[in-house]
Amino acid sequence: MLSNMALLDILIYPDPRLHIQARSVERVDSRIQTLIEDMSETMYAAPGIGLAAPQVNVLERIIIIDISESKDSLLVMVNPEIIDIEGSAEQEEGCLSVPGIYAQINRGEEIRVRAQNKEGKPFELVAEGLLSVCIQHEIDHLNGKVFVDYLSHLKRDRIKKKMLKTQRNA
Ligand code: K1U
Ligand code: ZN
């Protein structure tokens, strides 16, 4: 049977729903697999290199990432947990929930992550560079944190006003 994927709406900052902690997935079943398919269609269409379920208003601990140029290397992480961090580095970040805004954010350089794949099978991976940044950014979304929360009050308020103005004019 052909699967019917769906484009999901991405919540835009300062939507308060972006600041709610997501709950763990207890069982990776067909409902979760359909959600993952819809999230991946939404991420590729945006276009983005990552997406967390809370960004599409689903409060469950699921993230997807594809940093490949060919867009054929989808990484699915259910219930991801950072179990080790080494070093720190600053890199520019963007966010589909804060369109048009980019900022340098300091994060762990190399991380070891434990998660379940889209079949519910546990795995671990070590990441550095953009993949490491992206995983940390997406796990923040699961914990109700958006990258602009790392900026000063002043910068965050400016971004908030800009976002509200753009939404009013949309
Ligand atoms: O979480 C998100 O909103 C996705 C976000 C992931 C991310 C990017 C860069 C640093 C940290 C986290 C994005 O995908 S923003 C869009 C973007 O970076 C991009 C879009 C198209 C091509 C290449 C990059
Ligand atoms: Zn984001």
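**Exercise 1. In which loop does P47 lie?**

Work this out on the predicted model above. Start with the two elements that flank the residue: α1 covers 30-45, and β1 covers 50-52. P47 lies in the loop between α1 and β1. Now look at the bond leading into this proline: the peptide bond from A46 to P47 is cis, with omega near -5°.

**Exercise 2. Find the cis peptide bond that involves P14, and place this proline in the chain.**

Step one: check omega between Y13 and P14, which comes out at about 5°, so you're looking at a cis bond. Step two: place the proline, which is found in the segment before α1. Step three: put it in context. Most peptide bonds are trans.

**Exercise 3. What is the sign of phi at N57, and where does the residue sit?**

First, the angle: phi at N57 is positive, about 65°, and this residue is not a glycine. As background, most residues other than glycine have a negative phi. Next, the location: N57 belongs to the loop between β1 and β2, the latter being residues 62-65.

**Exercise 4. Describe the largest pocket: its volume, its lining and the elements that build it.**

Begin with the space, about 340 Å³. Then go to the walls: 20 residues line this pocket, and I49, E93, G94, C95 and L96 are the closest to its centre. Sort the lining by class and you get 11 nonpolar, six polar and three charged residues. Finally, ask where the lining comes from. β3 (75-93) and α2 each give at least two residues, and α2 has the largest share, with five.

**Exercise 5. Locate ligand 1 and go through its surroundings.**

Location first: ligand 1 sits in the largest pocket. Its shell is made of 14 residues, with I49, G50, Q55, L96 and E138 the closest. By class, that shell holds six nonpolar, six polar and two charged residues. Helix α2 (residues 129-142) supplies the largest share here, five residues.

**Exercise 6. Which polar partners do you find for oxygen atoms of ligand 1, and how much of the ligand does the protein cover?**

Take the contacts one by one, using a cut-off of 3.5 Å between N or O atoms.

- I49: a polar backbone atom is 2.8 Å from a ligand oxygen.
- Q55: an N or O atom of the side chain is 2.9 Å from a ligand oxygen.
- H141: here, too, the side chain offers an N or O atom, 3.4 Å from a ligand oxygen.

Last step, the cover: on its own, ligand 1 has 530 Å² of accessible area, and the protein covers 79% of that.

Definitions and conventions:
Residues numbered from 1 in each chain as written. Chains lettered and ligands numbered in written order. Predicted model: local features only at pLDDT ≥ 70, side-chain atom pairs only at ≥ 80, totals over all residues. Heavy atoms only, no water. Near = heavy atom within 4 Å. Polar contact = N/O pair within 3.5 Å; in protein donor to acceptor, adjacent residues only side chain to side chain. Areas by Shrake-Rupley, 256 points an atom, 1.4 Å probe, with all protein chains shown as cover. 1 Å grid on protein atoms, 1.4 Å probe; cavity = no way out; pocket = protein on both sides within 12 Å on 5 of 7 lines; lining within 4 Å. Sits in = over half its atoms within 2 Å of the grid points. Helix = DSSP H or I, 4+ residues; strand = E, 2+ residues; numbered from the N terminus. Nonpolar A, V, L, I, M, F, W, Y, C, P; charged D, E, K, R; others polar. Points joined across faces, edges and corners; volume = space filled by probe spheres on them.
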